[in-house]
Amino acid sequence: VKLAPYSTRFVPQIFIAGLVPAVVGVTIAVLDLISGLIVLFTIPLIPLFGALIGKYTSDAMAKRWRTMGILSGYLLDLLSGLTTLKLYGRDRAQEQNLEEIGNRYRVETMRVLRISFLTSLALELVATLSVALIAVSIGLRLVQGEFELWRGLMILILAPEVYWPIRNLSAQFHASADGMESAKDLFEI
């Protein structure tokens with residue numbers, strides 16, 4: 001079940017993120033070389049920030065995965081020995097241990113979510129500022145009369161489409177992180 005987001009959303013998005021920005025970026029460069037250069041220099045920022053923050057996501061996800069394994073193993077042991085624990089009156093003592101492991105899992109899950117939201121914020125900010133830089137460039141040249149309006153509108157419509165597939169790839173990466181951990185465990189087995 002956890003492999004589905006990885007195989008059905010993340011892997012196809014890799015191909016889309018490789019193809020669409022290149023095609024749209026070339027189209028923008030054909031319409032206006034300056035806007036094409038802005039795209040060329042700003043588009044690597046998104047994968048760079050994504051990779052930097054993604055490293056922390058992978059580490060946090062691995063830690064969360066280990067904590068979930070501890071929790072599930074402890075719960076399984078607890079359930080299999082519940083009659084023995086009840087017999088000796090030790091069933092109440094296990095509540096605190098179970099609550100502690102559950103809280104650790106909750107903390108790890110919240111850490112992964114915090115990193116995911118931070119990644120989304122950083123990538124949206126870079127993409128928005130990149131499109132804004134293109135818009136300011138076009139606007140200044142329109143005011144000076146050096147640029148046609150139709151060309152500027154066309155570029156402004158296309159510019160967000162350069163960055164969207166890469167931002168979406170990052171979102172799919174976080175959604176499929178559990179699937180990647182599951183795949184690692186399956187390949188080890």
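In this predicted model, the axes of helices α2 and α5 come within 10 Å and cross at roughly 165 degrees. Angles over 145 degrees count as roughly antiparallel, and α2 is therefore roughly antiparallel to α5. The crossing of this pair is right-handed. On the α2 side, the contact is made by Ile-34, Ser-35, Ile-38, Val-39 and Thr-42. Facing them from α5 are Ser-130, Leu-133, Ile-134, Ser-137, Ile-138 and Arg-141. Sorted by class, the contact of α2 with α5 has 6 nonpolar, 4 polar and 1 charged residues.

Helix α2, which spans residues 33-42, also packs against helix α1, which spans residues 3-31. Here the axes come within 5 Å, and the crossing angle is roughly 150 degrees. The two helices are therefore roughly antiparallel to each other. The handedness of this pair is left-handed, as α1 passes α2, whereas α2 and α5 cross in a right-handed manner. From α1, the residues that take part are Gly-25, Ile-28, Ala-29 and Leu-31. Their partners in α2 are Leu-33, Ser-35, Gly-36 and Val-39. The contact of α1 with α2 divides into 5 nonpolar and 3 polar residues, with no charged ones. For readers following along in the structure, Ser-35 and Val-39 of α2 are worth picking out: both appear in the contact with α1, and both appear again in the contact with α5.

Helix α5 has a further partner in α3. The axes of α3 and α5 lie 9 Å apart, and the helices pack at an angle of about 165 degrees. That angle makes α3 roughly antiparallel to α5. In this case α3 passes α5 in a left-handed crossing. The residues of the contact of α3 with α5 comprise 23 nonpolar, 8 polar and 5 charged.

Attention turns next to the largest pocket, which holds about 210 Å³ of space. Its lining consists of 14 residues. Nearest the centre of the pocket lie Pro-47, Gly-50, Ala-51, Leu-169 and Ser-170. Three helices each supply at least two residues of the lining: α3 (45-80), α5 (93-143) and α6 (149-175). Of these, α3 gives the largest share, with 6 residues. By class, the lining of the largest pocket has 9 nonpolar and 5 polar residues, and no charged ones. Helices α3 and α5 thus appear twice in this description, as contributors to the pocket lining and as a packed pair with axes 9 Å apart.

Technical notes
Residues numbered from 1 in each chain as written. Predicted model: local features only at pLDDT ≥ 70, side-chain atom pairs only at ≥ 80, totals over all residues. Heavy atoms only, no water. Axes fitted to C-alpha atoms, helices over the stretch in contact; angles between N-to-C directions. Helix = DSSP H or I, 4+ residues; strand = E, 2+ residues; numbered from the N terminus. Parallel < 35°, antiparallel > 145°, perpendicular 65-115°, else oblique. Left-handed = near helix turned anticlockwise from the far one by under 90°. Contact = heavy atoms within 4.5 Å. Nonpolar A, V, L, I, M, F, W, Y, C, P; charged D, E, K, R; others polar. 1 Å grid on protein atoms, 1.4 Å probe; cavity = no way out; pocket = protein on both sides within 12 Å on 5 of 7 lines; lining within 4 Å. Points joined across faces, edges and corners; volume = space filled by probe spheres on them.
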